[in-house]
Amino acid sequence: FGVIAGEPLRLRAVFTRAAGEHLYETPLSTDQELTAHGDGHLLLTATVPHTRSLVWWLLGFGDGVVVEEPAGLRQELAQTAAKMAQAYA
């Protein structure tokens, strides 16, 4: 993400295949694991720094990604999504 700052976190997220396909060629970290599921989704686990760039990157996928862990990051994205939904209501 360009800026290596912020506490490391273990990201666990489910991507649609279209949103996450690029992760095969451009991994987020050396410990990244990407698992294809039969339903067409990709499960990503990787240790990454918790930065604003990470949050913006995840938000850029819209409904193409769901963060499962860590709970604090999931809550942060859910709050942002709720505010966006309210703004567009």
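The following paragraphs lead through the confidence of the model, its largest pocket and the setting of one serine residue.

The structure is a predicted model. The protein chain has a mean pLDDT of 93, and 94% of its residues reach 70 or more. Among the elements of the chain, the highest mean pLDDT, 98, belongs to β4, whereas α2 has the lowest, at 94.

Both of these elements recur in the description of the largest pocket, whose volume is about 240 Å³. Two or more lining residues come from each of α2 (52-59), β4 (65-69) and α3 (71-88). The greatest contribution is that of α3, which supplies five residues to the lining. Listed along the chain, the lining consists of Leu58, Leu59, Gly62, Val65, Val66, Val67, Arg74, Leu77, Ala78, Ala81 and Met84. In terms of class, nine of the lining residues are nonpolar, one is polar and one is charged. The charged residue is Arg74 and the polar one is Gly62.

Attention now turns to serine 29. This residue is placed in the loop that lies between α1 (17-20) and β2 (33-36). Is serine 29 buried or exposed? Its relative accessibility is 16%, and because buried means under 20%, serine 29 counts as buried. When neighbours within four places in sequence are left aside, serine 29 is in contact with Ala46 and Thr47. With threonine 47, a polar atom of the serine 29 side chain lies 3.5 Å from the backbone oxygen.

Terms used:
Residues are numbered from 1 along each chain as its sequence is written. This is a predicted model: local features need pLDDT of at least 70, side-chain atom pairs count only at pLDDT 80 or more; totals for chains, interfaces and linings use all residues. Side-chain values use heavy atoms; hydrogens and water are left out. On a 1 Å grid over the protein atoms alone, a cavity is a set of points where a 1.4 Å probe fits but cannot get out, and a pocket is an open set with protein on both sides within 12 Å along at least five of seven lines; lining residues have an atom within 4 Å of a point. Grid points are joined across faces, edges and corners, and a volume is the space filled by probe spheres set on the points. Helices (H or I, at least four residues) and strands (E, at least two) are DSSP runs, numbered from the N terminus. pLDDT is the predictor's confidence in each residue, from 0 to 100. Buried means under 20% relative accessible area, exposed over 50%, partly exposed in between (1.4 Å probe, protein chains only). A polar contact is a pair of N or O atoms within 3.5 Å; within protein, one must be able to donate a hydrogen and the other to accept it, and residues adjacent in sequence count only if both atoms are side-chain atoms. Contact means heavy atoms within 4.5 Å.
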